[in-house]
Every structure is written in C-alpha cells, then in structure tokens.
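Reader: I am new to this structure and would like a close look at a single part of it, namely the places where charged side chains pair. Please take me through that part slowly, and then place it within the chain around it.

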There are 2 protein chains.
Amino acid sequence: MNQYLLNGKLTAKPGHQEALAAILFQASKLVATAKGCRLYVIGKDKADSHSVYVTEIWDSKEDHDNSLKVEGVRELITQAMPLLDGPPAKGQELEIIGGTEI
Amino acid sequence: MNQYLLNGKLTAKPGHQEALAAILFQASKLVATAKGCRLYVIGKDKADSHSVYVTEIWDSKEDHDNSLKVEGVRELITQAMPLLDGPPAKGQELEIIGGTEI
C-alpha cells in the first residue's frame, strides 16, 4: 500500500499563530510514536503571518485516522479550535508513488 | 537554521502523467544523496489524473537550490518540460518550525 501524505493549513485568528503552532508541536510529540507515523512537521510561510501548515506522512490513511484517537490528541484539537479563524480547510491528500524512503 | 519544505505541483499534458512521474523518480534518486536532502517524495492526487506532486525537505533553501546543479538533474528537467501543460507553477515554500525530526 502506498504511503499517505496530508498537507494541512490552519489559519489562526490575528495574533494567535504562535499559540496555534505551540499546540501543534504538542500534537507532533503525541503522534510521533503512533503506528505508521513517518513525518509530522509544522511549518509557516514567511508571507503569511496567520497560518500554520502541517505536513504528515503515514503508512496508510487508516493510520492517520487512528492517530486522531491517540490519548491527548482530541484535547489538543479542542484547545486549537477557538484559535482558528473559521473551520479548518480540508487538507490536500496525496498518495506517495515514489521518491526517497521514509 | 530552520529546514526548508517545498510543495510542488507539476501538471502534465493529457496522457503524460506516468511519464512525468517516471522522470521525477529518476530525479529523486539523483538528489537523495545531495547535501541537505531530507525528503523528496512524489505523489499523486486520486482526483487529478494529470498532476504529479513533489514534496521536498532540505536543511536549507540553499541546499535545495544547489540540488538543481546535481549532475543529471538539468537533463531530467529538460526531458520533463515538453510533457508539462504550461510552465510549472511556483511551489509553496515553508519554513519548518517544529515537529518530528527528519
């Protein structure tokens, strides 16, 4: 089965980008050891002072979906929601078909 | 210095998605051992039968830029250009600020 890549973008209300990023750092620590997690990095775009980006690679979409049940993750999502400027956009889902191994 | 993440999307002329992906597989082999290359994966979106996506992580933007000079890479770019449906879009550049180590 091909690995699953998810590019997510979360836009914070003005002034809350850092707080949102801090929550995602905590999330990355929780899911780093989850089954099938290969990559979970948080990024920002220099031209966008409101958004935080998450790039994830999982052995399968199922592994990704299960990560939302990891203890503590739901609590972090609950903390993040009020910081968001509207509902989170659906991420871009890709199927990895080649490249460097991870 | 924070790592550099590049999300690229290349759209092929109809019927050339696989040929374009094959060129990118070769490129990934060339750059996998380049200085600072942490990730170079090729993906596709199930809903898009024309495009090929490249997600790259480098220790720095400079390392990425230098990878374009790796022997053989320019030749592959030259091979890929006629397969593209228009000039390649500028990729999304992110600065990694946290997450799992890679």
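Author: A good place to begin is a group of four residues, A:K61, A:D65, A:K90 and A:E93, which are joined to one another in a network of salt bridges. Before going further, please keep in mind that this is a predicted model, so that every distance and percentage below is computed from predicted coordinates. As background, side chains of opposite charge can pair when their charged atoms come close.

Within that network, the pair that can be described in detail is the one between A:D65 and A:K61, whose closest N and O atoms are 3.3 Å apart. Both A:D65 and A:K61 belong to helix α2 of chain A, where four residues separate them, about one turn of the helix. How exposed or buried are these two partners? A:D65 has a relative accessible area of 31% and is therefore partly exposed, since the partly exposed class lies between the 20% limit for buried residues and the 50% limit for exposed ones. A:K61, with a relative accessible area of 39%, is likewise partly exposed. To give A:D65 a wider setting, its C-alpha atom lies 19 Å from that of A:P87, a residue 22 places away in sequence.

Helix α2 of chain A takes part in another salt bridge, in which the side chains of A:K35 and A:D63 meet at 3.0 Å, N to O. This pair links distant parts of the chain, for A:K35 sits in the loop between α1 (17-31) and β2 (37-44), while A:D63 is in helix α2 (residues 61-67), and the two are 28 residues apart. Their surroundings can be set side by side: A:K35 counts as exposed at 64% relative accessibility, whereas A:D63 is buried, with a relative accessible area of 6%. The reason for these two labels is that a residue is called buried under 20% relative accessible area and exposed over 50%.

Chain B offers a corresponding pair, B:K35 and B:D63, which form a salt bridge with their closest N and O atoms 3.0 Å apart. Because B:K35 lies in the loop between α1 (17-31) and β2 (37-44) of chain B and B:D63 in helix α2 (residues 61-67) of chain B, the pair ties together parts that are 28 residues apart in sequence. Here B:K35 is exposed, with a relative accessible area of 64%, and B:D63 counts as buried at 5% relative accessibility. Over all chains, the count comes to 10 salt bridges, among them the pairs A:K35 with A:D63, A:D65 with A:K61 and B:K35 with B:D63.

It helps next to see the chain that carries the network. Chain A has three helices and four strands, and these follow one another along the sequence in the pattern β-α-β-β-α-α-β. For a chain of 102 residues, a compact globule would have a radius of gyration near 13 Å, and the 14 Å of chain A agrees with that. Its C-alpha atoms fill a box of roughly 40 × 30 × 20 Å, taken along the principal axes. Of the 102 residues of chain A, 47% count as buried. Among contacts between residues of chain A at least 6 apart in sequence, 72% join residues at least 24 apart. The accessible surface of chain A comes to about 5,500 Å², and 54% of this belongs to carbon and sulfur atoms. As for charge, chain A has 11 positive and 14 negative charges, whose mean positions are 3 Å apart.

Returning to the sequence around the network, A:G91 is placed in the loop between α3 (73-80) and β4 (92-99) of chain A. A:G91 counts as partly exposed, at 23% relative accessibility. Leaving aside neighbours within four places in sequence, A:G91 is in contact with A:L6, A:N7 and A:G8. The C-alpha atoms of A:G91 and A:K9 are 6.7 Å apart in space, although their places lie 82 residues apart in sequence.

A last residue, from chain B, gives a view of a buried position. B:L20 lies in helix α1 of chain B and is buried, with a relative accessible area of 0%. Apart from neighbours within four places in sequence, B:L20 is in contact with B:L10, B:A12, B:V52, B:A80, B:L83 and B:L84.

Terms used. Residues numbered from 1 in each chain as written. Chains lettered and ligands numbered in written order. Predicted model: local features only at pLDDT ≥ 70, side-chain atom pairs only at ≥ 80, totals over all residues. Heavy atoms only, no water. Buried < 20%, exposed > 50% of the residue type's maximum accessible area, 1.4 Å probe, protein only. Rg over C-alpha atoms; globule rule 2.2 N^0.38 Å. Contact = heavy atoms within 4.5 Å. Areas by Shrake-Rupley, 256 points an atom, 1.4 Å probe, with all protein chains shown as cover. Lys, Arg positive; Asp, Glu negative; His and termini not counted. Charge placed at Lys NZ, Arg CZ, Asp CG, Glu CD.
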